[in-house]
Amino acid sequence: MTSALVSKKTNEFRSGFVSVIGRPNAGKSTLLNHLLGQKVLIMSDKPQTTRNRIQCILTEERGQIIFLDTPGIHKPKHKLGEYMVGAAKESMREVDMILYMVDLSSEYGPGEEFIIEMLKQTKTPCVLVLNKVDLLSKEQLMRKIQQFSSLADFKAIVPISAKTGENTDELLNVIFGHLSKGPMYYPEDEVTDQPERFIMAELVREKVLQLTRDEVPHSIAVVIEEVEEKKTLVKVRALIVVERESQKGIIIGAGGKQLKEIGSLARQDIEALLGSPVFLELWVKVKKDWRNRVDSLRNYGYGKEKG
């Protein structure tokens, strides 16, 4: 720990837990990757990319923020969806602050109304984060601010662009301004509470999301079955699980071309994560209706949430 952080920790060091909630594709993971200055969370333009509640840790001289990145809040259609929404709801309990992210390019509708009603039932301070300001004129932005400010008791409303980083420094100022003095919960060099195997599996899943058609994304799970450290590289064996034979064919592709491309892109990110050359071996397996099977959900890392 640096002397500067020791000084701040004993005098003005602020810390706390901040839950980041919103509809699918609001930009939560994009924002947190930007604030952390490195890729910890996977990103995709497909909704419901984040499935687990993941803690992301930001430490600087003035304090430490433990962000809880959550699955997008939506109407569940299967047990996996129920788990995801449960994880998001659970994250709102016993945190110091809630960041409610809204995609300004989307119309206000039942999804936002549902979240607003959830917020009205909690006493936790909430900051409204209006994302994608780069897509709106000043007049359009002002109308959005007026619209949302009347819906709930927000401690602050901060317009940002998670993609460009616009006004994210101000967002951090607002968060630290509302946190109390507190301890350093995690070592300053930690950026997530998740093990490397979890992040590696997520990086593989991200590439599948990026490269496959619409009928595949939500039907896949990725499990890291083996990690073996050799002298010159790390050997990683990953299993991609799908629900139908047709999906397996899409992921493998003609002559295995698609699977090879998924592996090539994922390997680059895993090498950046581990700081070592990686040999990545991918396999695809069909497990029918796994998203509705409790045993499969647990095996693939989606344990039962409270609430």
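Student: What percentage of the 307 residues in the protein chain is buried?

Tutor: This is a predicted model: local features need pLDDT of at least 70 and side-chain atom pairs pLDDT 80 or more, while totals for chains, interfaces and linings use all residues. Residues are numbered from 1 along each chain as its sequence is written, and side-chain values use heavy atoms, without hydrogens or water. Buried means under 20% relative accessible area, exposed over 50%, and partly exposed in between (1.4 Å probe, protein chains only). For the 307 residues of this chain, the buried share is 50%.

Student: How many helices and strands does the protein chain have?

Tutor: Both are DSSP runs, numbered from the N terminus: helices are H or I with at least four residues, strands are E with at least two. Here the count is ten helices and nine strands.

Student: Among contacts between residues at least 6 apart in sequence, what share joins residues at least 24 apart?

Tutor: A contact is heavy atoms within 4.5 Å. Take the contacts between residues at least 6 apart; the share that joins residues at least 24 apart is 73%.

Student: Which residues touch the most other members of the largest nonpolar core?

Tutor: A nonpolar core is a set of buried Ala, Val, Leu, Ile, Met, Phe, Trp, Tyr and Cys residues joined through side-chain atoms within 4.5 Å. The largest one here has 51 residues. The members that touch the most others are F67 and L99.

Student: Which helix gives the most residues to this core?

Tutor: The top contributor supplies seven residues. That element spans residues 196-211 and is helix α7.

Student: Where does this core lie relative to the domains?

Tutor: Domain bounds come from an automatic or database domain assignment. Both domains give residues to the core, so it lies between domain 1 (14-178) and domain 2 (196-300).

Student: Which residues are in contact with L99, leaving aside neighbours within four places in sequence?

Tutor: One partner is F67. Others come from the run V18, S19, V20 and I21. The rest are V127, V129, L171 and I175.

Student: How many of the residues of β5 are buried?

Tutor: Side chains in a regular strand alternate between the two faces of the sheet. In β5, C126, L128 and L130 are on one side, with V127, V129 and N131 on the other, and these are all buried. C126 counts as buried because its relative accessibility is 6%. The buried count for β5 is six of six.

Student: Which residue of β5 does I98 stand opposite?

Tutor: Two strands pair if DSSP finds at least two bridges between them. β4 and β5 pair in the parallel sense over six bridges. Opposite I98 in β5 is C126.

Student: How many of the nine residues of strand β8 are buried?

Tutor: β8 covers residues 234-242. The strand is largely enclosed by the rest of the structure, because its buried residues number seven.

Student: Which strand runs parallel to β8?

Tutor: β7 (residues 221-229) runs antiparallel to β8, joined by eight bridges. They form a hairpin with four residues between them, and V227 has V236 as its bridge partner. The parallel neighbour, joined to β8 by nine bridges, is β9.

Student: How many disulfides does the structure hold?

Tutor: A disulfide is a pair of cysteine sulfur atoms within 2.5 Å. C56 is buried because its relative accessibility is 0%. The disulfide count is zero.

Student: How many salt bridges does the structure hold?

Tutor: Side chains of opposite charge can pair when their charged atoms come close. The cut-off for a salt bridge is a side-chain nitrogen of Lys or Arg within 4 Å of a carboxyl oxygen of Asp or Glu. One network links E206, K207 and D269. The total is eleven.

Student: Which residue forms a salt bridge with E112?

Tutor: The closest N and O atoms of this pair are 3.8 Å apart. E112 is in helix α4 (residues 110-120), and its partner, 89 residues away, is in the loop between β1 and α2. E112 is buried at 3% relative accessibility, whereas the partner is partly exposed at 27%. That partner is R23.

Student: Which residue forms a salt bridge with D103?

Tutor: D103 is buried at 9% relative accessibility. D103 lies in β4 and its partner in the loop between β5 and α5, so the pair ties together parts 29 residues apart in sequence. At 3.1 Å between the closest N and O atoms, the partner is K132.

Student: What separates the closest N and O atoms of R205 and E202?

Tutor: Both residues sit in helix α7, about one helical turn from each other, because they are three residues apart. R205 is buried at 1%, and E202 is buried at 9%. In their salt bridge, the closest N and O atoms are separated by 3.0 Å.
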